[in-house]
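Some labels in structural biology rest on simple cut-offs. Can you tell which value earns which label? Look at the model, then follow the reasoning.

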Amino acid sequence: MARSNVTGFRCVLCDSRRPADFTGYTCPDCGDEGILDVEYDYERAALDFNAEALAANPRSDIWRYSAVLPARPPEPWPGLPVGNTPLIKATRLGDHVGLSDLWIKHDGLLPTGSFKDRASALAVAQATERGVSIVVGASTGNAASSMAGLAAPTPLRTVIFVPDSAPAPKLAQLRTYGALVVAVQGSYDQAFDLCLAATRRFGWYSRNTGYNPVLSEGKKTVSFEVVEQLGWQPPDWIAVSVGDGCIVGGVGKGLRDLRQLGLMGRMPRVVGVQAEGSAAIYQAWKRGAKTADPVTPDTLADSISVGQPRDAVKALTAVRDSKGQFVTVSDEAIIAAGHLLGHHAGIFAEPAASTAFAGVLVLRQRGDIAPDDRVVVLVTGNGLKDPQTTAQSTPEPLSIAPKVSALDDVLAAVDSR
Ligand SMILES: *Cc1c(COP(=O)(O)O)cnc(C)c1O
Ligand SMILES: [Zn+2]
């Protein structure tokens, strides 16, 4: 595939178009808020993106979907493989919660432990394509460690701006991958703005969610994988947790792509799940608004604790277009959902990832999701990212004396489980 199938970029705010060779990040008329959406020649893309061609494609990572991606991977792909995560039928967990066709897409198994790798892979490819040697981002969380990890085996260097209040454990993965971590004496928003300034001033490549349009193009590959793994029989529901809204927007874009490519008759309903204490996009959806007003975030699910969501427009579009819904869940429900995932499916998910399953339980209880609906839950992050929070309020270890007689207590405890 020599020529790219990208036909241009459309601004999500003002709808104006830029040509395929546009290399800016956001809409010049709308500024930093004018996020772009990548458009393709789907007729041409369908020559390579169809069930037969994909069945014959030996490539298993996200680059098997290159026909509708905006960058080409360096050949050979350097380092960590991204994509092809397992889609697991959760029979026992489904029995437990009254869902007979429940599936878990386990993106906690991506190389750096979170869904963000799908976006970072695109950043690696495009930065390399453009001959830029430094990638910059602002985050203390999964986006930053993902970028640093995927860049580590390549010649790219990573610079990450964080507020100087960033907790040390969150920086551990980042530092191990060798990123240059810059602690800004200020707030997260100031770190973000400084990061954009570095992009403009030094020409560094920006890996900022809700700014660089190729990131959601990477995220959409999860929808391709889910539907392909289900033998092109789309689920009734796909549930995703939502912070900035980039993942859910990407999921929606992937589904729309599949429809354009003639690979999907019926659209799954997309469920965006937010923590009650960080529900700016949910509130905008309730109001019928196109953009979200800021909130003061308060949730223990740190990866979705967001005050001013940067990708609200794409998130709202994804859910509305699919006739899906947004739903909120309490922190207690998030932790409880994580325990169910662990207990009955063997899946250790960080709180921001269990959130999606908590939302499914709400819709099941309301009767919106029927017992035999096919439901896919996206697990976006590994429980090892935040083990203390994930495991909170699970039973303490049973403490016994080092004597054989104490084993009777163990037997009693085992029987009571
Ligand atoms: C980033 C992230 C999310 C939310 O993605 P947004 O694009 O911010 O909505 C959910 N779960 C995990 C584990 C994440 O790292
Ligand atoms: Zn615009």
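The turns below set values from this predicted model against the rules behind the labels.

Q: What makes the pair formed by N142 and ligand 1 a polar contact?
A: A polar contact is a pair of N or O atoms within 3.5 Å. An N or O atom in the side chain of N142 is 2.8 Å from an oxygen atom of ligand 1. That value is within the cut-off, so the pair counts.

Q: What makes G243 and G245 partners in polar contacts with ligand 1?
A: Here the backbone supplies the atoms. For G243, a backbone N or O atom lies 2.7 Å from a ligand 1 oxygen. For G245, the value is 2.8 Å, again from a backbone N or O atom to an oxygen of ligand 1. Each value is within 3.5 Å, so each pair is a polar contact.

Q: How much of the accessible area of ligand 1 does the protein cover?
A: On its own, ligand 1 has 380 Å² of accessible area, and the protein covers 97% of that.

Q: Which residues come nearest to ligand 1, and what classes make up its shell?
A: There are 15 residues around ligand 1, and K116, N142, G243, G245 and T380 come nearest. The shell has five nonpolar, seven polar and three charged residues. Glycine is put in the polar class, so G243 and G245 count as polar.

Q: Where does ligand 1 sit, and what lines that place?
A: Ligand 1 sits in the largest pocket. About 990 Å³ of space lies there. The lining has 45 residues, and Y188, D302, S303, S305 and V306 are the closest to the centre. By class, 18 are nonpolar, 18 polar and nine charged.

Q: Which element gives the most to the lining of the largest pocket?
A: The answer is α5, with four residues. Other elements that supply at least two residues each include β6, β7, α7 and α10.

Q: What makes the peptide bond between E75 and P76 stand out?
A: It is cis, with omega about -5 degrees. Most peptide bonds are trans. P76 is in the loop between α2 and β4.

Q: Why are the phi values of D15 and W232 worth a look?
A: Because most residues other than glycine have a negative phi. Phi of D15 is near 70 degrees, a positive value. Phi of W232 is positive too, near 65 degrees. D15 lies in the loop between β1 and β2, and W232 in the loop between α9 and β10.

Methods:
Residues are numbered from 1 along each chain as its sequence is written. Chains are lettered from A and ligands numbered from 1 in the order in which they are written. This is a predicted model: local features need pLDDT of at least 70, side-chain atom pairs count only at pLDDT 80 or more; totals for chains, interfaces and linings use all residues. Side-chain values use heavy atoms; hydrogens and water are left out. A residue is near a molecule or strand if one of its heavy atoms lies within 4 Å of it. A polar contact is a pair of N or O atoms within 3.5 Å; within protein, one must be able to donate a hydrogen and the other to accept it, and residues adjacent in sequence count only if both atoms are side-chain atoms. Accessible areas come from the Shrake-Rupley method with a 1.4 Å probe; for residues, only the protein chains shown count as cover. On a 1 Å grid over the protein atoms alone, a cavity is a set of points where a 1.4 Å probe fits but cannot get out, and a pocket is an open set with protein on both sides within 12 Å along at least five of seven lines; lining residues have an atom within 4 Å of a point. A molecule sits in a cavity or pocket if more than half of its atoms lie within 2 Å of its grid points. Grid points are joined across faces, edges and corners, and a volume is the space filled by probe spheres set on the points.
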